[in-house]
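Got a few minutes to walk through a fold? Have the sequence and the model side by side, and follow the topics below.

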Amino acid sequence: MIINADLHVHSKYSMATSKNMNPETMAVESMKKGLNLIATGDALHSKWLEELEDQLTPLDDTGIYKTNIEGVSTNFITTTEVEDNERIHHLLIIPSLEVAWQMRDEFIVKNMDADGRPKIRMHASEIIDIAKDYDCIVGPAHIFTPWTGIFKTYDSIEECYGQKVDFVELGLSSDTILADTIEELHDYPFLTNSDSHSPWPHRIGREFNKIDLSELSFKAIKKAIGSDKILENYGINPRMGKYHETGCIKCYKLYDIKDALNNNMKCSCGGQIKKGVKSRIDELSTLAEGKHPKNRPHYQYVLPLAELLSTVHDKGVTTKYVQTRYNQLIEEFSNEIDVLINIPVEKIAIIDKKLASIIQAYRTNNLDVIPGRGGQYGTVNYKKSVNEVI
């Protein structure tokens, strides 16, 4: 059984999330995206757990849950992201909703329900010990993110945890090519997840994993992650990530890291310069270029379909113009992932020639990207990215 899985999202109970991050909308939009399995997110929050129990049905004792909506096929797996006492984020994939209830009392936290992503006043090594006691799959979230990734504080995974973890999550501003310049990371499987705060398909599933499972269950997912059964990682071009390059968080001016350091990380506008993911990886790299370990899967760039439509037609992502064309493509080709990856560009061109051209450009790694920095997403220069390829 081969599935598409996004294993890191948030619910409406997390800070700065859409009020539409509820089980029903998440399930419907994830199916439209082409995901077979979606994370619940926020599974230590009591109100969210109650909603999940009310609106989802367990698939026997597999640890997987189905929606009660007829015709919707996307299933759920129990997950949460937590913040430790050093403001580092960790992703826990939990055996079941029942286990999530049991785990809540194990952590030192002022108020577990203050936010969907709880601020646990414990060290990472203590958090992982508890997670392992409950048979969770655990690893660092978005490892290179300069605010809350593990590498903002530590120079290695084991330095933080005191032991090996089950995976590392790359985050939006890095990819396999960049991460594999760090030899320590050759020992870990990579997960690519959306960390979505919104259910709409230009956010949820913007990064996902293709996984080969013996069956659809928590145990099978744990085994697959630990035995090289992740067949492919899909993610946005890292240059599109908000923190790929070094830049000012106020005016978004792009900086060479040496110039930024010479300026004491202060921009000419008065704003703070944030070290980019690429610069941090350069500091940690032990290899001149990414030399992948034997079983590392291919990393395929994808960009959300609605954002591609927005770029080529110069219309807002949520406008009726873009959404009408998006829905036409989904109706014709089943789901977004198929449009982005599998459908021949000649067929897409029958519906939208401009869209087909830009899909061809990123499939062949010919996108011209103005890189993200300082908290601003990168952008695609459409005119420089495509030729008359269709």
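What follows is a quick tour of the cores, the helix packing, the sheets and two unusual backbone spots.

Keep in mind that this is a predicted model. The largest nonpolar core runs to 95 residues, and a second, separate core has 21. Helix 10 and strand 12 are each largely enclosed by the rest of the structure.

**Nonpolar cores**

- Within the largest core of 95 residues, F107, F144 and L185 have the most contacts.
- Helix 14 (residues 353-363) gives this core its largest share, which is 6 residues.
- L185 is a good place to look around: leaving out residues up to four places away in sequence, L185 touches I143, F144, F151, I157, V168, A179, F190 and R296.
- The second core, with its 21 residues, is separate, and its members include I3, I64, I93 and L216.
- As a bit of background, nonpolar side chains in soluble globular proteins tend to be buried together.

**Helix 10 and what surrounds it**

- Helix 10 (residues 305-313) has 7 of its 9 residues buried, so the rest of the structure largely encloses it.
- The buried ones are L305, A306, L308, L309, S310, V312 and H313.
- Who does the covering? Among the elements over these buried residues are helix 11 (320-333), helix 12 (336-342), helix 14 and helix 15 (382-385).
- Take helix 14: its axis and that of helix 10 come within 9 Å and cross at roughly 120 degrees, and the crossing is right-handed.
- On the helix 10 side, that contact uses L305, L308, L309, T311, V312 and H313, while helix 14 brings K354, L355, I358, I359 and Y362.
- Sorted by class, the contact of helix 10 with helix 14 has 8 nonpolar, 2 polar and 1 charged residues.
- Right after helix 10 comes D314, with a positive phi near 55 degrees.

**Helix 1 against helix 2**

- Helix 1 (residues 23-33) and helix 2 (residues 46-55) have axes that come within 10 Å and cross at roughly 65 degrees.
- P23, E24 and M26 make the contact from helix 1, and W48, E51, L52 and Q55 make it from helix 2.
- The class split for the contact of helix 1 with helix 2 is 4 nonpolar, 1 polar and 2 charged.

**Strand 12 and its partners**

- In strand 12 (residues 230-235), 5 of the 6 residues are buried, so this strand is largely enclosed by the rest of the structure.
- Strand 11 (residues 208-212) runs antiparallel to strand 12, and 4 bridges join them.
- To find the register with strand 11, look at I211, whose bridge partner in strand 12 is I230.
- Strand 15 (residues 298-301) pairs with strand 12 in the parallel sense, over 4 bridges.
- For that pairing, Y234 stands opposite Q300 of strand 15.

**The 6-7-8 sheet**

- Here 3 strands form an open, antiparallel sheet in the order 6-7-8.
- Strand 6 (79-83) and strand 8 (137-140) are the edges, each pairing on one side only.
- From one strand to the next, the twist averages 20 degrees.
- Strand 6 and strand 7 (residues 89-93) run antiparallel and are joined by 5 bridges, with T79 standing opposite I93 of strand 7.
- Helix 7 (residues 218-226) packs on this sheet, where it touches strand 7 and strand 8, and its direction makes about 45 degrees with that of strand 8.
- I93 of strand 7 also turns up in the second core.

**Positive phi in two loops**

- Most residues other than glycine have a negative phi, which is the backdrop for the next two.
- A16 is not a glycine, yet its phi is positive at about 60 degrees.
- A16 sits in the loop between strand 1 (2-6) and helix 1.
- D195 likewise has a positive phi, near 55 degrees, and is a residue other than glycine.
- D195 belongs to the loop between strand 10 (190-191) and strand 11.
- Buried or exposed? A16 is exposed, with a relative accessible area of 70%, whereas D195 counts as buried at 18% relative accessibility.

Technical notes. Residues are numbered from 1 along each chain as its sequence is written. This is a predicted model: local features need pLDDT of at least 70, side-chain atom pairs count only at pLDDT 80 or more; totals for chains, interfaces and linings use all residues. Side-chain values use heavy atoms; hydrogens and water are left out. A nonpolar core is a set of buried Ala, Val, Leu, Ile, Met, Phe, Trp, Tyr and Cys residues joined through side-chain atoms within 4.5 Å. Buried means under 20% relative accessible area, exposed over 50%, partly exposed in between (1.4 Å probe, protein chains only). Helices (H or I, at least four residues) and strands (E, at least two) are DSSP runs, numbered from the N terminus. Contact means heavy atoms within 4.5 Å. Axes are lines fitted to C-alpha atoms, for helices over the stretch in contact, and angles run from 0 to 180 degrees between N-to-C directions. Ala, Val, Leu, Ile, Met, Phe, Trp, Tyr, Cys and Pro count as nonpolar, Asp, Glu, Lys and Arg as charged, and the others, Gly among them, as polar. Two strands pair if DSSP finds at least two bridges between them. A crossing is left-handed if the near helix is turned anticlockwise from the far one by less than a right angle, and right-handed if clockwise.
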